[in-house]
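Here are some exercises to work through with a model on screen. Try each task by yourself, then check the steps below it.

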Amino acid sequence: MSRIWVGTDCGKSHHHCLVLDTEGDTLLSRRVANDEPELLQLIGDVLDLAGGRSVTWAMDMTGGEPALLIELLLNHGQELIYIPGIAVNRATDSYRGAGKTDARDAKVIADQARMRRDLQPIRPGDETAIELRLLTEHRADLVADRTRTINRLKSLLNSMFPALEHALDIGSVGSLMLLTGYQTPAAIRRAGKRRLTTWLRNRSVYRPDTLAAAALEAAERQHTAVTGEKAIAKMVHTLAEEVMALHKKITETEKLIEGRFREHELADVITSMPGIGPILGAEFLAATGGDLEAFPTPDRLAAFAGVAPAPRDSGQVSGNLHRPTRYHRRLQRVFYTSALVSIRCDPNSRRFYDRKRAEGKRHVQAVLALARRRVNVLWALIRDRRCYTVTPPVTHAT
């Protein structure tokens, strides 16, 4: 059947669409605003241009800026495929010309879609999975902000009161609460242990006497005020409050994630795997889209997650395996982190880990091998819609 291909270079305010026929000739090239009436007009013009031929739309993004266009195309029953941006960039070098324009990128996307048969289709997203992707991305941003703020706080405290920075766990709620009220050695010495303990206890700090004793001991080790102490103390106070506010936002976001995750049909199956809780389970659903249609085999899922070794053979060198460079970072974190946890709480995982260590594998290698094994197990559990058990069910021959 005759077909045309539409390559779309996606942007924030505008997209550039270019249509190719089976011979690779350009039928249409247009810059269109990211606005529903103009996008609908584009879809209508392309369908008119097709004249009964099948149409395949290809783009280098699966969400974000082109979300409206994707939704309109899916509503019109159009076939969509995804070509990664890195594949477009590398393919561009093989085309004539050295310039870079949106029209050129759109043509490369359309031409790659015309020639390749290994590109992933874009399907209607699971609403829960889409919401979880948004929530988990928001949580990741908040965690990154908290880490960055804690590092700034540690740096400032080291420049003014290093003994206190060494004595406290700056990321804990109690230490942050202390820094909102007392920042300098002199202020802590004036308060004294009894008053400081009472102040912390009134703010529901865990083990206030221990924290007060550690702060007072650090204050006794420094009797010199550094230059700019007042300004640094104010900044420490501000940053401590910012970290506490981020703590609260992250906790609220995690509650939203857990509540939405529990509504998904696969929630019980996923969390039955040792080491996977609501947050990692939500990350898994967000990365995979909530189903396994794009992963017909566990090998495909393992490659996508970056826990399957990639070959690097050349000439007479064979069997040379290395860690892949292209994979879903957050999905790899799901399998690697859950594998680490499962070593402590699942006897099957512990035995597998110990066996790999006995074979001479380093710790990271053994954990990655376990993560790869767990991909097979989770894929099978989702396929069969059953929960994990330490002792697998016995199947009898019929």
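Which residues are linked with Arg-260 in a network of salt bridges?

Glu-131 and Glu-263 are the ones to find: together with Arg-260 they are linked in a network of salt bridges. Keep in mind as you go that this is a predicted model.

**Exercise 1. Salt bridges along a helix**

Find the salt bridge partner of Arg-133, then work out how the two residues are placed in their helix.

Step 1. Start with the cut-off: a salt bridge needs a side-chain nitrogen of Lys or Arg within 4 Å of a carboxyl oxygen of Asp or Glu. Side chains of opposite charge can pair when their charged atoms come close.

Step 2. Look around Arg-133. Its side chain meets that of Glu-137, with 3.8 Å from N to O, so the pair passes the 4 Å limit.

Step 3. Now place the pair. Both residues lie in helix α5, which covers residues 127-160. They are four residues apart, about one turn of the helix.

Step 4. Check how open the two are. Arg-133 is partly exposed, with a relative accessible area of 27%, and Glu-137 is partly exposed at 32%.

**Exercise 2. Two further pairs**

Do the same for Arg-350 and for Asp-384.

Step 1. Arg-350 forms a salt bridge with Asp-354, and their closest N and O atoms are 3.3 Å apart.

Step 2. Both sit in helix α15 (residues 347-358); because they are four residues apart there, about one helical turn separates them.

Step 3. Arg-350 has a relative accessible area of 36%, so it is partly exposed. Asp-354 is partly exposed as well, at 34%.

Step 4. Asp-384 has Arg-386 as its salt bridge partner, with the closest N and O atoms 3.8 Å apart. Asp-384 is partly exposed at 37%, and Arg-386 is partly exposed at 33%.

Step 5. If you carry on with this rule through the model, the count comes to 17 salt bridges.

**Exercise 3. A strand and its partners**

Say why strand β1 is largely enclosed by the rest of the structure, and name the strands joined to it.

Step 1. Find β1 at residues 3-9. Six of its seven residues are buried, so the strand is largely enclosed by the rest of the structure. Buried here stands for a relative accessible area under 20%.

Step 2. Look for the parallel partner. Strand β4 (residues 54-59) runs parallel to β1, and six bridges join the two. To see one of these pairings, go to Trp-5, whose bridge partner in β4 is Thr-56.

Step 3. Look for the antiparallel partner. Strand β2 (residues 14-20) is joined to β1 by five bridges, and these two strands run antiparallel. Here Thr-8 of β1 stands opposite Cys-17 of β2.

Step 4. Trace the chain from β1 to β2: the connection is a hairpin through four residues.

**Exercise 4. Two helices in contact**

Describe how helices α7 and α8 pack.

Step 1. Locate α7 at residues 173-181 and α8 at residues 185-201. Their axes are 11 Å apart, and the angle is about 115°.

Step 2. Look at the sense of the crossing: it is right-handed.

Step 3. List the residues that touch. From α7 these are Met-177, Leu-178, Thr-180 and Gly-181, and from α8 they are Leu-196, Trp-199 and Leu-200.

Step 4. Sort them by class. The contact of α7 with α8 has five nonpolar and two polar residues, and no charged ones.

**Exercise 5. Phi angles and a buried threonine**

Which sign does phi have in Arg-207 and Arg-385, positive or negative? Then find out what Thr-253 touches.

Step 1. Phi of Arg-207 is positive, near 50°, in a residue other than glycine. Arg-207 lies in the loop between α8 and α9 and is partly exposed at 47% relative accessibility.

Step 2. Arg-385 is not a glycine either, and its phi is positive at about 55°. You'll find Arg-385 in the segment after α16, partly exposed at 46%.

Step 3. Turn to Thr-253 in helix α10 (residues 229-262). With 5% relative accessibility, Thr-253 counts as buried.

Step 4. Leave aside the neighbours within four places in sequence, and Thr-253 is in contact with Leu-135, His-138, Arg-139 and Leu-142.

Definitions and conventions: Residues numbered from 1 in each chain as written. Predicted model: local features only at pLDDT ≥ 70, side-chain atom pairs only at ≥ 80, totals over all residues. Heavy atoms only, no water. Buried < 20%, exposed > 50% of the residue type's maximum accessible area, 1.4 Å probe, protein only. Pairing = 2+ DSSP bridges. Axes fitted to C-alpha atoms, helices over the stretch in contact; angles between N-to-C directions. Left-handed = near helix turned anticlockwise from the far one by under 90°. Contact = heavy atoms within 4.5 Å. Nonpolar A, V, L, I, M, F, W, Y, C, P; charged D, E, K, R; others polar.
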